[in-house]
Amino acid sequence: MGNEAEKPNIITSSLDFLVNWGRSNSLWPFPYGTACCAIEFMSTEVGRYDLSRIGSEYVRFTPRQSDVLLVAGTITYKQAPILKRIYEQMAEPRWVIAMGACASSGGFYDCYCTVPGIDHIIPVDVYIGGCPPRPEAFFDAMFDLQKKVKDESFMKQRAESIKDQLEMIKAKTAEAKRETAACVREKIVDVKDFMKEKQQDFVKKAQFWKE
Amino acid sequence: MTVEEIFAALEEKFGVKREMHDKWGVTAIVSASYLHNVVQFLKDETGIKFDMLVDIAGIDYLTYPNHEGPRYAVAYAFKSMENPGARIRLKVLVSEEDLKVPTISDLYANANWYEREVYDLFGIVFQGHPDLRRLLNHVEFVGHPLRKDYPAQKRQWLSTNDYLLPELEKRLETLGYRVVQRSKEVETNDNEFLEGSIKA
């Protein structure tokens, strides 16, 4: 059963295509804006550049409803646990974009208070350079992310997520089979002993009657 | 009352010396014991009312060339709103053994956060301050980063974010509100709360 689920076939691959099409064209961002990069994101979102052309229609201000965590700005050590908590609150599938030099590497804040890149805290999918990056760079990152989303396989991820469960079920079945086999063997031995005793009894009785 | 007269009055009353190195000649060196009285005098009794506290800055003279005297200093900058352009700076020298300066947060409300900042970054204790906590760095930070002997690139992780609800409730209670009932989501569960933390 496990092998069948892992192999791509016409049903799973078309389901993958459908799911990825939906996901990649409705990437709703959660703007974690702490500095000037957030202003740049605002100009990406509105009028002239219009991020909703590629389906990022709504900017969600709650981690429960968003797909992309957009870290735009400097992250200090005081803020690091808050960012991690917000990332953990997001529902899967989730992606992270590190926007600008500060979020990617700490930027020029080489000091005691700034986290040198948010990849020390959470996994990052796309990095954008620049201080701050232009909206075109942000669009480029969104296209990269869309490509990445389209490469993913929904069925494979599902198979991996239930792989542990499958292995556990297999192990339990094998154990149960072994137990039954051992039980049956014991029973057979018992029956054989019983038969032997009976035979000996018969032999004894026959001898007695002969005498 | 001109600036010269103010300096003369300060010298007569409190034994305040004028800083010679200051280019503009508006800095006075005050001893910590007279600071509160000097500030009150400047605020209320002089003809020019210095009613605006512009800044409080800590200074560490550890690597300063040709410096003699105590290691730290706290500099206060005042400005007058009635006579724009009238400014005065006070400087309190603080030795390393006795890192104590009286607070002026009872005279200027904004001195509260300025003094917290100086305490956070230099470790100078302001006596009589109502709430002397760190302002910029997190609670688990060890040391005072703007001291010259603190390695500038030494980073310190914070393990968990602040839980501010008890403080919020305390403030609401001072405003006359009362906590009648808490919902289940709001009640603290330490284990669950620490789940999202970063272990360095």
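The following is a dialogue between a student and a tutor about a predicted model of two chains, A and B.

Student: Why is Pro84(B) called exposed?
Tutor: Count its neighbours. Pro84(B) has 8 C-beta neighbours inside 10 Å. A residue is exposed at 12 or fewer. Therefore Pro84(B) counts as exposed.

Student: Where is Pro84(B) in the fold?
Tutor: Pro84(B) sits in the loop between E4 and E5 of chain B. Phe50(B) is 34 residues apart from Pro84(B) in sequence. In space the two are 10.0 Å apart, C-alpha to C-alpha.

Student: How do you know that E4 and E5 of chain B pair?
Tutor: Count the bridges. Pairing needs at least two. Strand E4 (residues 72-79) and strand E5 (residues 87-94) of chain B are joined by 8 bridges. They therefore count as paired, and they run antiparallel. Within this pair, Val74(B) stands opposite Val92(B).

Student: What makes E1(B) and E2(B) a pair?
Tutor: The cut-off again is at least two bridges. E1(B) and E2(B) have 2 bridges, and they run antiparallel. So they qualify as a pair. Arg18(B) stands opposite Ala28(B) in E2(B). Ala28(B) also stands opposite Leu90(B) in E5(B).

Student: Why is the pairing in the sheet of chain B called mixed?
Tutor: Strands of a sheet pair either parallel or antiparallel, so check the sense of each pair. E2(B) and E5(B) run parallel, over 4 bridges. E4 and E5 of chain B run antiparallel. Both senses occur, so the pairing is mixed. The 5 strands form an open sheet in the order E1-E2-E5-E4-E3.

Student: What makes E1 (17-18) and E3 (52-60) of chain B edge strands?
Tutor: Each pairs on one side only.

Student: Which strands does helix H2 of chain B lie across?
Tutor: Helix H2 (residues 35-45) lies across strand E2 (27-30), E4 and E5 of chain B. It runs at about 175° to E5(B).

Student: How do you know that the length of helix H1 of chain B agrees with expectation?
Tutor: Compare two spans. Helix H1 (residues 3-14) has 12 residues, and at 1.5 Å a residue they should span 16 Å. Its end C-alpha atoms are 16 Å apart, so the two agree. After H1(B) comes Gly15(B), with a positive phi near 70°.

Student: What is the pairing in the sheet of chain A?
Tutor: It is parallel, with 4 strands in the order E1-E2-E3-E4. E1 and E4 are the edge strands of this open sheet. The twist averages 15° from one strand to the next. E2(A) and E3(A) pair over 5 bridges, and Val68(A) has Trp95(A) as its bridge partner in E3(A). H3(A) packs on the sheet, touching E1, E2 and E3 of chain A.

Student: Which residues have the most contacts inside the largest nonpolar core?
Tutor: Leu69(A), Leu70(A), Val71(A), Ile97(A) and Met99(A). This core has 35 residues. Elements giving two or more residues to it include strand E2 (68-72), strand E3 (95-99) and helix H6 (135-151) of chain A. Apart from it lies another core, of 33 residues, among them Ile6(B), Leu42(B), Tyr72(B) and Ala111(B).

Student: What does Ile97(A) touch?
Tutor: Leaving out residues up to four places away in sequence, its contacts include Leu70(A), Val126(A), Ala141(A) and Leu145(A).

Student: How many residues does each chain bring to the contact?
Tutor: Chain B gives 15 and chain A gives 13. The side of chain B has 5 nonpolar, 8 polar and 2 charged residues.

Definitions and conventions
Residues numbered from 1 in each chain as written. Chains lettered and ligands numbered in written order. Predicted model: local features only at pLDDT ≥ 70, side-chain atom pairs only at ≥ 80, totals over all residues. Core = buried A, V, L, I, M, F, W, Y, C linked by C-beta atoms within 7 Å. Buried ≥ 20, exposed ≤ 12 C-beta atoms within 10 Å, placed from the backbone. Contact = placed C-beta atoms within 7 Å. Nonpolar A, V, L, I, M, F, W, Y, C, P; charged D, E, K, R; others polar. Axes fitted to C-alpha atoms, helices over the stretch in contact; angles between N-to-C directions. Expected span 1.5 Å × (residues − 1).
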